[in-house]
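Me: I would like to go through this structure by question and answer. Please keep it brisk.

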Amino acid sequence: MDKKHIFFGVGSLLLAMVLMVTEMPKMQESPRAAPPAAVATPLPDTQIQNFSSAPAASRGNSSTARLQNDFVRAEIALVGGGVRSIALFNHAASRDSDDPWIFDDYDPLRDALTLTLRRGSHECCLSAVTFEIVESDSEHLLLRGKLDDGTSVERLYVLGKEEDGNDPYCFRQEVSLSESAVHWQNVDISLGTLPPTAGDIGGTHLNFVTYSAGKTHFTPIGTFDGSKGFLGIGSRASCDVIRSDAKMDWVAIKNQFFAAILTPRSPADSAHCVPVTLTDSQRGMGGAITLPFSACENGYSVSFSYYVGPKEFLRLERLGLDQERIMQFGWFGFMSKLLLFLMMGIHSLIPNWGLTIILLTTIVKLMLWPLTTAQVRSMRAMAKLKDPLKRIQEKYKKNPQKSRLETMKLLKEHNVNPAAGCLPILIQIPIFLGLYYMLRSAAELRFASFLWMRDLSSCDTVGHLFGVAVNPLPILMAATTFIQMRMGGANSMEGSQKWVSNAMPFVFLFICYNFPSGLVLYWTAQNVFTILQQLVIQRRLNLAETQGGSNSKSAAKKRKHSRPD
């Protein structure tokens, strides 16, 4: 393998790694229409009131009504009328717990779906308004309360049912107000609060999301801290509130595995997000959306749907307004979706996520078999031409143009295509990146175990040595990478090529050490299958060359004996 191939391959793989590690979650996806002008503008605290400073007296102390189906249990506060908490029955709170994961059990100040009425500079937060139950069953709740000026407020909750074609994680709500002295123009609705997941140390996956004019915008929790940028480029000041002023089809807060998505019947006027202090060392993300009231009989109303559940692509896609974009599949989203469908199909037959990933790897490698064969042939041909190429370089070292021409002439004479060794690498980059973005936040892999790996969505730590986590799978991945590169011709390299080849497994080990074990499992399995592929292909090529050599000798003997005396 020549120096160009080595540095092209290494550079491509490193580029893939850099894209995975450094791509900002706030990236914007390709629009279907022109985006609104003003997005994510920091505002001073005085312009957004009654969110992070809401009264805390009633939070956790008031009575609640309950909505429940086979998937969720929602506690609705009778003071304020908001959502106290939502338990997801099919998702455990922790790996070794039988208790369900609970949404909005973090912010001590504000229930989710708390309402703040607005008209110009006037506002009225309903967090202290007492509601009474008018109608109630397990999936239906009608509350009624009164403001100090006598305005009647009704809140209707309807929990989705699968048999009716509705998502069981989704609530439909309608808020109705009677006519009053103050004609309220719009209402702020809080989305609740989400914390980062345990494995998301930097809060990369914790985002506030807005969707407007076919474009999705992500605001990660780190945006509030500000940044000095690079040499001053891209610097921004820290802030406590970030506001988006645009007509939005939906807004959401999401972490690595779960999301709360509010989708209004009519586009929203604006939205804002804030950081929420949960502990001394942890922050969550909160937010609110501003909706306009519509006139109705005897008053005005607003309606919306509210999804709180896992980030499952197919489930989110069925919501109907591109809500699946919160999966953040990145630059190679088409590949992530294709691999996800393939993985789900395999899992439906073999209900083990570890085996599913290995089988997915096998299918991908079999599809790439012709390209791998071409790569191995190119590497073998280049190895055979190593000495002639070296002589050309030495002969024309003072004439680079002549050296290139002679090199291409030599390759053409021996039917060697140097690009054949690069194509498989280029093909694997979108596959690897697509799989990375798909696996990093797949709720299906949360707490899924395989062999010693207790959770395929996080690293496979088995213990600590001198305070450093011991993750066996990345070490195995680095070892198989080393073997694979040796088989690929690393032994015949010299100088900087050999140094780069020897360093690559350690570079991959450093970059991937804390990656989700599901992704590292894919990469390790791919290395193993590549080693097996190379063994099989090289054996076939050796056999073909041996037979070809024997046939040539036989033909030469026949020609010799057939000559007339």
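Reply: Below are questions on a sheet, a buried arginine and the nonpolar cores.
This is a predicted model: local features need pLDDT of at least 70, side-chain atom pairs count only at pLDDT 80 or more, and totals for chains, interfaces and linings use all residues. Residues are numbered from 1 along each chain as its sequence is written, and side-chain values use heavy atoms, with hydrogens and water left out.

Me: What is the strand order of the open sheet of four strands?
Reply: Strands here are DSSP E runs of at least two residues, and helices are H or I runs of at least four, numbered from the N terminus. Two strands pair if DSSP finds at least two bridges between them. Strand 2 and strand 3 pair over five bridges, strand 3 and strand 4 over five, and strand 4 and strand 5 over four. The pairing is antiparallel, and the order is 2-3-4-5.

Me: Which are the edge strands?
Reply: An edge strand pairs on one side only. That holds for strand 2 (64-68) and strand 5.

Me: Which residue stands opposite Leu88?
Reply: Strand 4 (residues 83-92) pairs in the antiparallel sense with strand 5 (residues 100-103). In strand 5, the residue opposite Leu88 is Trp101.

Me: Why is strand 4 largely enclosed by the rest of the structure?
Reply: Buried means under 20% relative accessible area, exposed over 50%, and partly exposed in between (1.4 Å probe, protein chains only). Strand 4 is largely enclosed because its buried residues number seven of the ten.

Me: Is Arg315 buried or exposed?
Reply: Arg315 is found in helix 2 (residues 313-317). Beyond four places in sequence, Arg315 touches Phe71, Asp167, Pro168, Tyr169 and Tyr307, contact being heavy atoms within 4.5 Å. Its relative accessible area is 11%, so Arg315 is buried.

Me: With which side chain does the side chain of Arg315 make a polar contact?
Reply: A polar contact is a pair of N or O atoms within 3.5 Å; within protein, one must be able to donate a hydrogen and the other to accept it, and residues adjacent in sequence count only if both atoms are side-chain atoms. At 3.1 Å, the partner of Arg315 is Glu312.

Me: Which residues touch the most other members of the largest nonpolar core?
Reply: A nonpolar core is a set of buried Ala, Val, Leu, Ile, Met, Phe, Trp, Tyr and Cys residues joined through side-chain atoms within 4.5 Å. The largest has 112 residues. Those touching the most other members are Ile86, Leu262 and Tyr306.
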